[in-house]
Amino acid sequence: MAQQSSPRGTFLKIADVLKADIEADPNATELPALADVMDRFGVSRGLALRAFGVLRADGLAEPVPGARWRVIRDGQTADRRPLVERISEFMVADADVVVGKPFLSASKLAERLGVARPTVAKALAELEAAGLLSESRQGKARTVLALPGGEERS
């Protein structure tokens, strides 16, 4: 299936539609998947990325490694710290995280932190390697083995 050439400025028109979508949905936290934009507008990956670039230049969205592009609202600043650091902070701050008790699933943690589940899974693997969480097994929740910074809470 050959793609037809796009008229000049198509990516700007796509960016305008995506801006309108963001404005219409105040709860939108991420842009649609790149493949969805390509299908919706019948354009190449390059054109879809150029449209995303316009949103980035306008301060409306930013790329997130391993996840969809994040929508930026007025006055909102993204937490750019490594995910492992953010999860470690969560472990210390949340009183429900106790040594010997089950830890949140990757899906629930991804929802809570607003990132993709595979990205959380990688960070959890790092915490397992650091000895803070037990190894993940199918059907069995990870267990908190230790808290970051050697804090005791059991």
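A residue counts as buried when its relative accessible area is under 20%, and as exposed when that value is over 50%. Keep those cut-offs handy for the exercises below, which all work on a predicted model.

**Exercise 1. Get an overview of the protein.**

Task: find out what share of the 154 residues is buried, and which pattern the protein follows along the sequence.

Solution. Start with the burial cut-off: 36% of the 154 residues fall on the buried side. Next, the secondary structure: there are 6 helices and 2 strands, and reading along the sequence gives α-α-α-β-β-α-α-α. Then look at the surface, where the accessible area comes to about 9700 Å² and carbon and sulfur atoms hold 50% of that. Last, the contacts: take those with a separation of 6 or more, and 54% of them join residues 24 or more positions apart.

**Exercise 2. Check the length of helix 1 and find its partners.**

Task: work out what span the 15 residues of helix 1 should have, and say what its buried residues pack against.

Solution. Helix 1 runs over residues 10–24, and at 1.5 Å a residue it should span 21 Å. The end C-alpha atoms of helix 1 turn out to be 21 Å apart, so the expectation holds. Now list the buried residues: Thr10, Phe11, Ile14, Ala15, Leu18, Lys19 and Ile22. Follow their contacts and you arrive at helix 2 (34–41), helix 3 (45–57) and strand 2.

**Exercise 3. Sort out the two sides of helix 5.**

Task: decide which residues of helix 5 are buried, and why they sit on the same side.

Solution. Within residues 106–113, the buried ones are Ala106, Leu109, Ala110 and Leu113. They share a side of helix 5 because they cover an arc of only 105 degrees around the axis. The general rule helps here: an α-helix has 3.6 residues a turn, so residues three or four places apart point the same way. Flip to the face turned away from the buried side and you meet the exposed Lys108, Glu111 and Arg112. The buried residues, for their part, pack against helix 4 (83–93) and helix 6 (117–129). Just past the end of helix 5, Gly114 has a positive phi of about 70 degrees.

**Exercise 4. Map the nonpolar cores.**

Task: say which residues touch the most other members of the largest nonpolar core, and which helices each supply at least two of its residues.

Solution. The largest core has 19 residues, and Ile87, Met91, Phe103, Leu109, Val120 and Leu124 touch the most other members. Helix 4, helix 5 and helix 6 each bring at least two residues to this core. A second core, separate from that one, has 18 residues, including Ala15, Ile22, Val54 and Ala61. Zoom in on Leu124: leaving out residues up to four places away in sequence, Leu124 touches Ile87, Phe103, Ala106, Leu109, Leu133 and Arg142.

**Exercise 5. Compare Pro65 and Ser134.**

Task: for Pro65 and for Ser134, decide: buried or exposed?

Solution. Pro65 sits in the loop between strand 1 (61–62) and strand 2 (70–71). Its relative accessible area is 71%, so Pro65 is exposed. The C-alpha atom of Pro65 is 8.3 Å from that of Thr119, though the two residues are 54 residues apart along the chain.

Ser134 belongs to the segment after helix 6. Its relative accessible area is 16%, so Ser134 is buried. Beyond its neighbours within four places in sequence, Ser134 contacts Glu128, Ala141, Arg142, Thr143 and Leu145. With Thr143 there is a polar detail to pick out: a polar side-chain atom of Ser134 lies 2.7 Å from the backbone nitrogen of Thr143.

Definitions and conventions. Residues are numbered from 1 along each chain as its sequence is written. This is a predicted model: local features need pLDDT of at least 70, side-chain atom pairs count only at pLDDT 80 or more; totals for chains, interfaces and linings use all residues. Side-chain values use heavy atoms; hydrogens and water are left out. Buried means under 20% relative accessible area, exposed over 50%, partly exposed in between (1.4 Å probe, protein chains only). Helices (H or I, at least four residues) and strands (E, at least two) are DSSP runs, numbered from the N terminus. The arc is that of the directions from the helix axis to the C-beta atoms. Contact means heavy atoms within 4.5 Å. Accessible areas come from the Shrake-Rupley method with a 1.4 Å probe; for residues, only the protein chains shown count as cover. The expected span of a helix is 1.5 Å times one less than its number of residues. A nonpolar core is a set of buried Ala, Val, Leu, Ile, Met, Phe, Trp, Tyr and Cys residues joined through side-chain atoms within 4.5 Å. A polar contact is a pair of N or O atoms within 3.5 Å; within protein, one must be able to donate a hydrogen and the other to accept it, and residues adjacent in sequence count only if both atoms are side-chain atoms.
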